[in-house]
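Biologist: Please take one part of this model and go through it closely. I would like the helix packing and the sheet beside it.

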Amino acid sequence: MEQYRLGVLGGMGPQATNTFYQYIIDRTAARSDQEHISMLIFSDNEVPDRTAAILSGHTQPVYDRLLYGAKLLEQGGCTAIAVPCNTAHYFYDALSEAVSIPIINMMRETAAYLSNRGVRRAGVLATSGTVSSHTYRYYLREFGIDEIIPGTEDQNRLMNLIYGTIKHGKQADAGIFLDISSALLSQGAECLIIG
């Protein structure tokens, strides 16, 4: 039987990588350590800020660091790579062409999942890098799903929530999140994608 090893290109942020790993553990029907998925996790704290790079147009340093990590995982014997960072998917096509193993496209998988459940309008709560680059919109449209995004004021509030609290390891204000979510739902979003 072929041996599979999932590579995780993480650290963007570390908590997202930790949550991703925990989800895999919790959803694996394993009765012993040996039945869990073999994984190699690279939590890279040297990846420059993705949103800042996308908004400034100065993306090469981010791409170079992501490529370094993807190559490291490839050389480590991984048979596929997961990237638990929505904003990093801006670099998906270029990274996929640069390595010989598949990179799981989290955004495409999300769009396919929603489409299979009949969703036609999805609200996207994500960084300004993800929203302004229209990365989710591209994949959602591929499956006939309309993207609904926050207005400018709510997007700024969301970015403050992400960068001002969550990335500082602080508890986010659930009330702000609920306000922004409610606004998207009132615009016809059938579900919310949180990235």
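Modeller: Here is a close look at helix 5 and its surroundings. This is a predicted model, where local features need pLDDT of at least 70, side-chain atom pairs count only at pLDDT 80 or more, and totals for chains, interfaces and linings use all residues. Residues are numbered from 1 along each chain as its sequence is written, and side-chain values use heavy atoms, with hydrogens and water left out.

Helix 5 covers residues 106-116. Helices (H or I, at least four residues) and strands (E, at least two) are DSSP runs, numbered from the N terminus. Asn105 caps the N-terminal end of helix 5. A side-chain oxygen of Asn105 lies 3.0 Å from the backbone nitrogen of Met107. Just after the helix, Gly118 has a positive phi of about 80°.

Met107, Ala111, Ala112, Leu114 and Ser115 are buried (under 20% relative accessible area, 1.4 Å probe, protein chains only). Seen down the helix axis, these residues fall within an arc of 165°, so they line one face. The arc is that of the directions from the axis to the C-beta atoms. On the other side, Glu109 and Asn116 are exposed (over 50%).

The buried residues pack against strand 4, helix 6 (128-132), helix 7 (135-142) and strand 6. Contact here means heavy atoms within 4.5 Å.

Strands 4 and 6 belong to an open sheet of 3 strands, order 5-4-6, with parallel pairing. Two strands pair if DSSP finds at least two bridges between them. Strand 4 (residues 121-125) and strand 6 pair over 4 bridges. Gly123 stands opposite Leu192 in strand 6.

Terms used
Polar contact = N/O pair within 3.5 Å; in protein donor to acceptor, adjacent residues only side chain to side chain.
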